[in-house]
Amino acid sequence: MHVHGWLAAGTIGARLALSLYIPGPGLPESSQAAAAAVIRTPLATSAPNDFDQRRMLALVNSVRESHGLPPVVYHDKLMQLAQDHAVYQSTNHVVTHVDTSGPIGDRVSQLGLRWTVIAENVGGGAATEDAIMAAWAASPPHMANILQPNVNYMGIGVSHGYWVQDFAAL
């Protein structure tokens, strides 16, 4: 059931916006620079919108690995990008792929990242990592982003029940 551009995800109560996938014109950044920005162990959490970063990464990679895809790792700039977008959504009470910095492609490029593929999942109303992942897994466009074979990095953010996953091939 669609309500004002949101997809109600059955009994778990999460609301989802459409997912977004963009193959890009960017070129890969140097592997040394990319490796320096990767967060292999999730950051310590202390904000009121904390979530279990290890759990989210494990959920994403479990789905990817069950489909024969390599795991993704966190990237510090994508983590900040996703968190900033989650805050934008919660502040404006909207689930969207566009904020004051533009759509995901513009936002990633403004960080100085040269990307070849980006994808974004956004959603609202889920209280836990498991709940939002269940909602995204039940939505073919969101699941397609999680299973995008070319991405190798991700960022995740949450603010007051608004969730963002950003994926990129850098």
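## A buried salt-bridge network

In this predicted model, Glu120 and Arg107 form a salt bridge whose closest N and O atoms lie 3.2 Å apart. Glu120 belongs to strand S7 (residues 117-124) and Arg107 to helix H4 (residues 104-110), so the pair ties together parts that are 13 residues apart in sequence. Both partners are covered: Glu120 counts as buried at 0% relative accessibility, and Arg107 counts as buried at 3%.

Arg107 has a further partner in Asp99, with 3.8 Å between the closest N and O atoms. Asp99 is buried, as is Arg107. Asp99, Arg107 and Glu120 are thus linked in a network of salt bridges.

## A salt bridge between helices H2 and H5

The model has three salt bridges by the rule applied. One of them joins the side chains of Arg55 and Asp130, at 2.5 Å from N to O. Arg55 lies in helix H2 (residues 53-66) and Asp130 in helix H5 (residues 129-137), so this salt bridge ties together parts that are 75 residues apart in sequence.

What is the exposure of Arg55, and what is that of Asp130? Arg55 is partly exposed, with a relative accessible area of 35%. Asp130 is likewise partly exposed, with a value of 36%. Glu120, by contrast, is buried at 0% relative accessibility.

## Strand S9 and its neighbours

Strand S9 (162-169) is mostly covered, with eight of its eight residues buried. Which residues make up its two faces? On one side are Tyr162, Val164, Asp166 and Ala168, on the other Trp163, Gln165, Phe167 and Ala169, and all of these are buried.

S9 pairs with S7 in antiparallel fashion through eight bridges. Within this pairing, Ile118 has Ala168 of S9 as its bridge partner. Seven bridges join S9 to S8, and these strands also run antiparallel; here Gly155 stands opposite Asp166. S8 and S9 form a hairpin with two residues between them, and His160 in the turn has a positive phi of about 50°.

## Nonpolar cores

The largest nonpolar core contains 27 residues, and Met56, Ile156 and Trp163 have the most contacts inside it. Two or more residues come from each of H2, S7, H5, helix H6 (140-146), strand S8 (153-159) and strand S9. H2 contributes the most, with five residues.

Beyond four places in sequence, Met56 touches Phe51, Tyr74, Glu129, Ile132, Met133, Ile156, Trp163 and Gln165. A second core, separate from the largest one, has 10 residues, including Leu78, Val108, Ile118 and Leu170.

## The aromatic pair

A search of the whole structure finds one aromatic pair. The ring centres of Phe51 and Trp163 are 5.8 Å apart and the ring planes stand at 65°, so the pair is edge-to-face. Phe51 lies in the loop between strand S5 (38-39) and H2, whereas Trp163 lies in strand S9; the pair links parts of the chain 112 residues apart.

Phe51 and Trp163 are both buried. Met56, too, touches each of these residues, and Trp163 is among the residues with the most contacts inside the largest core.

## A buried glutamine in helix H3

Gln89 lies in helix H3 (residues 76-92). Is this residue buried or exposed? At 0% relative accessibility, Gln89 counts as buried.

Leaving aside residues up to four places away in sequence, Gln89 touches Val94, Val95, Thr96, Val122, Tyr162, Trp163 and Val164. Of these partners, Tyr162, Trp163 and Val164 are buried residues of S9.

## Confidence of the model

The mean pLDDT of the protein is 78, and 71% of its residues reach 70 or more. Over residues 1-18, pLDDT stays under 50, and the model has 45 contacts beyond four places in sequence for this stretch. Residues 25-48 also have pLDDT under 50 throughout, with 37 such contacts.

Where pLDDT is low, the predicted coordinates should not be read in detail.

Note on methods: Residues numbered from 1 in each chain as written. Predicted model: local features only at pLDDT ≥ 70, side-chain atom pairs only at ≥ 80, totals over all residues. Heavy atoms only, no water. pLDDT = per-residue confidence, 0-100. Contact = heavy atoms within 4.5 Å. Salt bridge = Lys/Arg side-chain N within 4 Å of Asp/Glu carboxyl O. Helix = DSSP H or I, 4+ residues; strand = E, 2+ residues; numbered from the N terminus. Buried < 20%, exposed > 50% of the residue type's maximum accessible area, 1.4 Å probe, protein only. Core = buried A, V, L, I, M, F, W, Y, C linked by side-chain atoms within 4.5 Å. Pairing = 2+ DSSP bridges. Phe/Tyr/Trp six-rings, centres within 6.5 Å; stacked < 30°, edge-to-face > 60°.
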